[in-house]
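User: Hi! I'm new to reading protein models and would like some help going through one. Could you take me through it feature by feature?

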Amino acid sequence: MNSKNAIVIGGSMAGLITARVLSAYFEHVTVIERDQFSNGPAPRKGTPQSYHLHGLLAKGGELLDHYFPGIGDELVAKGAVRGDMGRMMHWYLDGGYRTKFDWQRLGISMSRPLLEYVVRSRVAAIKNIHILTNIDVNELITSLDHSRVLGVRIEDRNNDLRQVKDLHADFVVDCSGRGSASPKWLAQLGYAQAPENKIEINVGYATRMYQRRPDQTPFLYMITPAAPNDKRLGVLFPIEGDRWIVSMGGYLGNHCPTDPQGFLEYARGLPAPDIYNLLKDSEPLSDIRPHKYMANLRHHYEKLTYFPEGYLVLGDAICSFNPVYGQGMTSAALQADALNGLLKSAKSLDGIWRPFFKQAAKVVDIPWQLAVGTDFAYPETKGVKPAGTDFINNYVAKVHRASHNDPVVYAAFLSCMNLLAPPASLFKPNILFRVLRDDWQRKRQIVPQTQLQPASA
Ligand SMILES: Cc1cc2nc3c(=O)[nH]c(=O)nc-3n(C[C@H](O)[C@H](O)[C@H](O)COP(=O)(O)OP(=O)(O)OC[C@H]3O[C@@H](n4cnc5c(N)ncnc54)[C@H](O)[C@@H]3O)c2cc1C
């Protein structure tokens with residue numbers, strides 16, 4: 001393949017990882033970002049989610065380390081907190097705490113702005129990548145018959161002239177997130193609309209930072225709801241700068257208030273006391289920031305028969321998941337990795353959209369199944385429920401309860417949740433046996449019902 005120029009629309013996580021992948025196959029890669037970046041880690045307008053807690057799944061961490069060797073150590077050097085995920089997580093759900101064990105996989109906890117800043121710095125250091133900021137991509141430039149994308153029309157906001165310019169490229173990848181204009185642009189060019197799947201869940205978050213004192217152990221605290229009765233959750237992670245970040249929220253309108261008293265009361269109302277106990281004695285360092293997330297949204301580009309050559313869509317622009325499950329960044333990394341696999345063996349870019357969207361759909365299928373499957377445990381969730389969801393949810397509830405006592409079951413669940421193993425792995429005979437044995441014993445009150453107290457590290 002002999003290609004010169006690639007353009008990536010959007011300089012957030014999907015855009016940055018995609019630029020890194022493309023830099024191995026193109027002479028020049030240009031990332032075009034609407035926002036102005038600051039010189040350090042900071043939230044920004046184009047990614048309002050950056051104020052909120054972001055967990056990086058193990059698969060995402062693995063891929064980041066592959067494309068940016070040593071990035072985990074670099075994050076830790078900048079204050080991120082690393083530890084065995086089986087020991088570090090203090091996780092309450094469904095009447096008890098999950099057991100603690102040595103999973104022998106390290107998780108890393110930091111703010112989203114720090115992660116994005118470190119990834120961006122790595123990308124900016126790659127010689128053939130240029131990051132342009134304060135620039136909107138407003139349109140695609142195509143061949144006369146619209147069969148090929150030839151570049152993008154941009155509006156440069158770096159001076160008062162707000163110049164509109166055309167930038168030409170052999171390949172353009174839209175990583176502009178959930179609000180991507182690709183559906184609109186493609187419709188304007190005469191292409192059919194990709195089928196859309198929307199699962200409405202009406203989640204409302206509120207997030208605040210707190211000082212982390214030296215006497216406080218940096219656990220990852222999670223209190224997650226047992227559907228369909230509980231609808232509220234709280235997650236509190238240690239991050240750089242000796243801080244805690246806490247995001248609390250609820251499904252289906254059970255949103256967390258943003259006034260300090262209401263925020264604390266919400267923590268007190270969670271099914272376990274850990275987060276409230278920690279917050280009530282800690283010093284707040286920030287305002288309380290809300291975020292509403294109405295629906296999981298997926299565009300099935302893989303179902304299209306026609307699509308312009310030289311163009312792809314990737315990341316949240318393909319699929320945005322209920323953020324409660326922390327899958328978006330890992331899904332973006334997996335999609336970029338699939339693109340890498342295709343580019344490695346491609347002789348030409350023509351037609352690459354077909355296998356790419358097929359592979360991206362496969363990648364997205366698993367987190368989508370996990371996210372919307374769990375969301376449909378609430379009967380009020382709106383959308384098309386995949387067949388078999390109730391059966392799977394019933395079994396997964398048993399998996400959750402078994403993980404209060406059984407590290408083998410919990411390890412299988414963690415692998416699945418971290419996108420290291422497919423959901424079907426929870427049905428392997430040894431796991432199925434342990435889950436059903438736990439359920440049988442619980443019903444006969446043969447085993448201790450649950451870990452009612454969190455185990456210490
Ligand atoms: C509240 C919340 C919490 C979340 N928590 C987690 C979590 O715990 N773990 C996790 O993995 N994921 C989480 N996510 C999802 C995660 O933030 C995204 O999946 C991730 O940022 C990858 O998205 P992206 O790069 O595709 O799009 P985005 O992050 O939305 O970025 C799109 C970028 O494109 C730019 N842009 C948009 N339009 C244009 C244009 N026309 N021209 C130029 N630039 C443009 C924007 O400014 C932005 O920088 C969460 C999301 C939310 C909302």
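**Reading the fold, step by step**

Analyst: Sure, let's start with the building blocks: the chain has 13 helices and 18 strands. Keep in mind that this is a predicted model.

User: How do I read the overall size? What radius of gyration does the chain have, and what would a compact globule have?

Analyst: The idea is to set the chain's value beside the one for a compact globule. For 457 residues that would be near 23 Å, and the chain has 23 Å, so the two agree. You can also look along the principal axes, where the C-alpha trace spans about 70 × 45 × 40 Å.

User: And how much of the chain is buried?

Analyst: Here we use relative accessible area, and under 20% means buried. In this chain, buried residues make up 56% of the 457. As for the surface, its accessible area comes to about 19,500 Å², with 52% belonging to carbon and sulfur atoms.

User: What do contacts tell me about which parts of the sequence meet?

Analyst: You take contacts between residues at least 6 apart in sequence, then see what share joins residues at least 24 apart; here that share is 71%.

User: What about charges? How far apart are the mean positions of the positive and negative ones?

Analyst: You average the places of each kind and compare. This chain has 51 positive and 44 negative charges, and their mean positions are 4 Å apart.

User: Which domains does the assignment give?

Analyst: A domain can be made of several pieces of sequence, as domain 1 shows: it takes in 3–54, 113–195 and 300–371. Domain 2 covers 198–294, and domain 3 covers 389–443. Taken over C-alpha atoms, the centres of domain 2 and domain 3 are separated by 26 Å.

User: Let's zoom in on a helix. Why is α12 described as largely enclosed?

Analyst: For this you count buried residues. Helix α12 runs over residues 407–417, and 9 of its 11 residues are buried, so the rest of the structure largely encloses it. Among the buried ones are Val409, Tyr410, Phe413, Leu414 and Met417.

User: What covers those buried residues?

Analyst: The cover includes four helices and a strand you can look up: α4 (85–88), α10, α11 (389–402) and α13 (429–443), along with β4 (89–93). One residue of α13 is arginine 442. Is it buried or exposed? Arginine 442 has 10% relative accessibility, so it counts as buried.

User: Now a single residue in a strand, please. Where does alanine 295 lie, and what is it in contact with?

Analyst: Alanine 295 lies in strand β16, residues 289–299. Its relative accessibility is 1%, so it counts as buried. Leaving aside neighbours within four places in sequence, alanine 295 is in contact with Arg178, Lys198, Ile199, Glu200 and Ile201. Look at isoleucine 199 in particular: it is 96 residues away along the chain, yet the two C-alpha atoms are separated by 5.2 Å.

User: Are residues in loops buried or exposed? Take leucine 349 and serine 143.

Analyst: You check each one separately. Leucine 349 lies in the loop between α9 (328–345) and α10 (353–375), and at 9% relative accessibility it counts as buried. Its C-alpha is 7.7 Å from that of glutamate 309, which is 40 residues away in sequence. Serine 143, in the loop between β8 (135–142) and β9 (149–156), counts as buried too, at 17%. Beyond its neighbours within four places in sequence, serine 143 is in contact with Arg148 and Leu150.

User: How do I read backbone angles? What is phi at asparagine 202 and leucine 252?

Analyst: Look at the sign of phi and at whether the residue is a glycine. Asparagine 202 isn't one, but has a positive phi near 50°. It lies in strand β12, residues 196–211, and at 23% relative accessibility it counts as partly exposed. Leucine 252, also not a glycine, has a positive phi of about 50°. Leucine 252 lies in the loop between β15 (243–250) and α7 (260–268), and is partly exposed at 22%.

User: One last thing: where is there a cis peptide bond?

Analyst: For that, read omega. The bond joining alanine 227 and proline 228 is cis, with omega about 0°. You'll find proline 228 in the loop between β13 (220–224) and β14 (232–239).

Definitions and conventions
Residues numbered from 1 in each chain as written. Predicted model: local features only at pLDDT ≥ 70, side-chain atom pairs only at ≥ 80, totals over all residues. Heavy atoms only, no water. Helix = DSSP H or I, 4+ residues; strand = E, 2+ residues; numbered from the N terminus. Rg over C-alpha atoms; globule rule 2.2 N^0.38 Å. Buried < 20%, exposed > 50% of the residue type's maximum accessible area, 1.4 Å probe, protein only. Contact = heavy atoms within 4.5 Å. Areas by Shrake-Rupley, 256 points an atom, 1.4 Å probe, with all protein chains shown as cover. Lys, Arg positive; Asp, Glu negative; His and termini not counted. Charge placed at Lys NZ, Arg CZ, Asp CG, Glu CD. Domains from an automatic or database assignment.
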